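Me: I have a predicted model open and want to work through it by question and answer. Let us start once it is on screen.

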Amino acid sequence: MVILIMIIACILGAIVGLNAPMISYTYSSYLAIAIVAALDSVFGGIASVINKRFDMKTFISGFFGNAILAILLTVLGEKLNVDIYLAAIVVFVGRMFSNLGIIRRYYVEKWTNKIAEKNK
C-alpha cells in the first residue's frame with residue numbers, strides 16, 4: 001500500500017515537474033539537497049516497512065526534518081562560503097545506499113525462497 005502511494009506520488013511529481021516553470025539557478029542547490037534528503041527518507045521508509053517497524057509519524061517528521069536541515073546547512077554554508085552541504089549529501093547518500101542494500105537483500109531472499117519452493 002505504501003509503495004503504491006509512493007509510486008503514484010512519483011508519477012504525479014514527474015508530471016508536475018514537466019509542466020512547472022524552471023527553477024532558478026539561485027535555488028537549484030537548495031532544491032537538490034532537499035530532494036536527496038527526501039529520497040533518503042523514502043528509502044528509509046521502505047526499509048522500515050520491510051523490517052515491520054514503519055511509523056507514519058516518524059516517516060513524515062523525518063521527511064520534512066531532513067529536508068529542512070539539509071536546506072539550512074546549505075544556507076549556512078553559503079553564508080560562511082564553505083560547502084557544508086557536501087557533508088549532508090555524503091551522509092544522506094550513504095544512508096540511501098544502506099537502505100537500498102536492506103531492500104535489495106530482502107527481495108533477493110524472497111525471490112530465492114520462491115524459486116526454491118517452486119523447484120521442490
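Me: Is Asp40 buried or exposed?
Reply: Asp40 has a relative accessible area of 1%. The cut-off for buried is under 20%. Asp40 is therefore buried.

Me: Which helix holds Asp40?
Reply: Helix H2 covers residues 25-50. Position 40 falls in that range, and the helix of Asp40 is H2.

Me: Which residues does Asp40 contact, leaving aside its neighbours within four places in sequence?
Reply: Contact here means heavy atoms within 4.5 Å. With sequence neighbours within four places set aside, the list for Asp40 is Asn66, Phe92, Arg95, Met96 and Asn99.

Me: Which residue meets the side chain of Asp40 in a salt bridge?
Reply: Side chains of opposite charge can pair when their charged atoms come close. The structure holds one salt bridge. Its N to O distance is 2.4 Å, and the partner of Asp40 is Arg95.

Me: How many residues apart are Asp40 and Arg95?
Reply: The salt bridge joins the side chains of Asp40 and Arg95. The pair links distant parts of the chain, with Asp40 in helix H2 and Arg95 in helix H4. Their separation is 55 residues.

Me: Is Arg95 buried, partly exposed or exposed?
Reply: Relative accessibility for Arg95 is 39%. Buried needs under 20%, and exposed needs over 50%. Arg95 therefore counts as partly exposed.

Me: Which residues does Met96 touch, not counting those up to four places away in sequence?
Reply: Met96 is found in helix H4. Its relative accessible area is 16%, so Met96 is buried. Beyond four places in sequence, Met96 touches Val36, Leu39, Asp40 and Phe43.

Me: How far apart in space are Met96 and Ser48, C-alpha to C-alpha?
Reply: In sequence, Met96 and Ser48 are 48 residues apart. In space, the C-alpha to C-alpha figure is 13 Å.

Me: Which residues form the largest nonpolar core?
Reply: In soluble globular proteins, nonpolar side chains tend to be buried together. The largest nonpolar core here has seven residues. They are Ile33, Val36, Ala37, Ala70, Ala88, Phe92 and Met96.

Me: Which elements give two or more residues to this core?
Reply: The seven core residues include Ile33, Val36, Ala88 and Phe92. The elements giving two or more are H2 and H4.

Me: Which residues are in contact with Ala70, leaving aside its neighbours within four places in sequence?
Reply: Ala70 is one of the buried residues of H3. With neighbours within four places set aside, Ala70 is in contact with Ile33, Ala37 and Phe92.

Me: How many residues are in the other core that lies apart from it?
Reply: Among the members of this other core are Met6, Ile46, Ile50 and Ile103. The core has five residues.

Me: Against which helices do the buried residues of H4 pack?
Reply: The buried residues of H4 are Ala88, Phe92, Met96, Asn99, Gly101 and Ile103. They pack against H2 and H3.

Me: What span does H4 reach from its first C-alpha to its last?
Reply: H4 has 35 residues. At 1.5 Å a residue, the expected value is 51 Å. The model comes close to that, at 50 Å.

Me: Against which helices do the buried residues of H3 pack?
Reply: The buried residues of H3 are Phe59, Asn66, Ala67, Ala70, Thr74 and Gly77. Their packing partners are H2 and H4.

Me: Which residue with positive phi follows H3?
Reply: The residue sits in the loop between H3 and helix H4. Its phi is about 60°, although it is not a glycine. At 70% relative accessibility, the residue counts as exposed. It is Asn81.

Me: Which residue with positive phi follows H2?
Reply: The loop between H2 and helix H3 holds this residue. Its phi is near 60°, a positive value in a residue other than glycine. Relative accessibility is 73%, so the residue counts as exposed. It is Lys52.

Me: What accessible area does the nonpolar surface patch have together?
Reply: The patch is formed by Ile3, Leu4, Ile7, Ile8, Ile11, Leu12 and Ile15. Ile8, one of them, is in helix H1 (residues 2-19). Its relative accessible area is 43%, so Ile8 is partly exposed. The patch residues together have about 630 Å².

Technical notes
Residues numbered from 1 in each chain as written. Predicted model: local features only at pLDDT ≥ 70, side-chain atom pairs only at ≥ 80, totals over all residues. Heavy atoms only, no water. Helix = DSSP H or I, 4+ residues; strand = E, 2+ residues; numbered from the N terminus. Patch = residues over 30% accessible without salt bridge, like charges linked within 9 Å, V, L, I, M, F, W, Y side chains within 5 Å. Areas by Shrake-Rupley, 256 points an atom, 1.4 Å probe, with all protein chains shown as cover. Salt bridge = Lys/Arg side-chain N within 4 Å of Asp/Glu carboxyl O. Buried < 20%, exposed > 50% of the residue type's maximum accessible area, 1.4 Å probe, protein only. Expected span 1.5 Å × (residues − 1). Core = buried A, V, L, I, M, F, W, Y, C linked by side-chain atoms within 4.5 Å.
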